[in-house]
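The following exercises concern charged pairs and nonpolar packing. Please examine the sequence and the structure before reading the solutions.

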Amino acid sequence: MNAILNQIFFNDKANNVKMQLYFAISFTLFTILALGIDSVYFAANYFDGRQIVNLLAVVYFSFFFLVSGSYLRKLMFTMVFLSYIGELIFCTLLGMYDYRTVVIPVYVPFGHAIVYASGYVFAHTEWAVRNDKPLKKQFAIGFILLFLSVGIFLNDVFSLIFGVFFFLLLKRKKWQNLYYFIALCVIFIELVGTYFQCWKWVPKTFGLIPAVNPPMGAVFFYAGGDVLLVKIVDFWKLKTENVPLKIIEKVK
């Protein structure tokens, strides 16, 4: 059993940088295709494609996982379970948004892992690393304008509030561009998912805070989840390898 786990989570022989970038870029087309099949329109005019999307998400995740390095594999694997817990909290318990059906789709936690991995890969490309400083300024300005715009013109108070929390978290994490890249992937999938009506955010979060569908401030919850995700994976790595923690790979 240990040999199998070591082969899956501690072996970098299958690390394929080009294929990782391919899957990260293709995630946009995959998202449109998958969520289109799970859409209200598709179900009303053809058939309920939920099971097809579930299968597609697992397959896409699996291939992305197989070409990734050991550290990213741990992140993706952990993200599936962590995101499902998040769904139970934010969707089922707090009722911040609802899916097309009562049941949380199987593809959702795998989709979260794909979104995270895509942002991770983009953030570690040679171009992103080389342009780290100018990107930090451009991202900061862009996201400030985004949160202010939806807050002022669309009365998205949710995004104003959690946009502030997003930047406070970034400050704590030394303004890593990783969080901006993940946020961009999150915004894309939120826009596509709500367009196809695969899920819908409630007009007033907690019955008090006005929000649009989708609220841009939702990126805070993904960023916060990443902080917990990294802590879990680093603890896992520390306990299994018993060596000082290091970032063991970068996509170049």
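**Exercise 1: A salt-bridge network**

Arg50 and Asp38 form a salt bridge, with 2.7 Å between their closest N and O atoms; the term denotes a side-chain nitrogen of Lys or Arg within 4 Å of a carboxyl oxygen of Asp or Glu. The model is predicted: local features need pLDDT of at least 70, side-chain atom pairs count only at pLDDT 80 or more, and totals for chains, interfaces and linings use all residues. Residues are numbered from 1 along each chain as its sequence is written, and side-chain values use heavy atoms, leaving out hydrogens and water.

Task: determine which residues the salt bridges that share partners join into one network.

Solution.

Step 1. Arg100 also forms a salt bridge with Asp38 (2.8 Å, N to O). Arg100 lies in the loop between strand S1 (97-99) and helix H6 (107-123) and Asp38 in the loop between H2 and H3, so this pair ties together parts 62 residues apart in sequence. Helices (H or I, at least four residues) and strands (E, at least two) are DSSP runs, numbered from the N terminus.

Step 2. Asp48 and Arg100 meet in a salt bridge of 2.9 Å, N to O.

Step 3. Shared partners thus join Asp38, Asp48, Arg50 and Arg100 into one network.

**Exercise 2: Burial**

Task: state whether Asp38 is buried or exposed.

Solution. Buried means under 20% relative accessible area, exposed over 50%, and partly exposed in between (1.4 Å probe, protein chains only). Asp38 has 0% and is therefore buried. Arg100, at 22%, counts as partly exposed.
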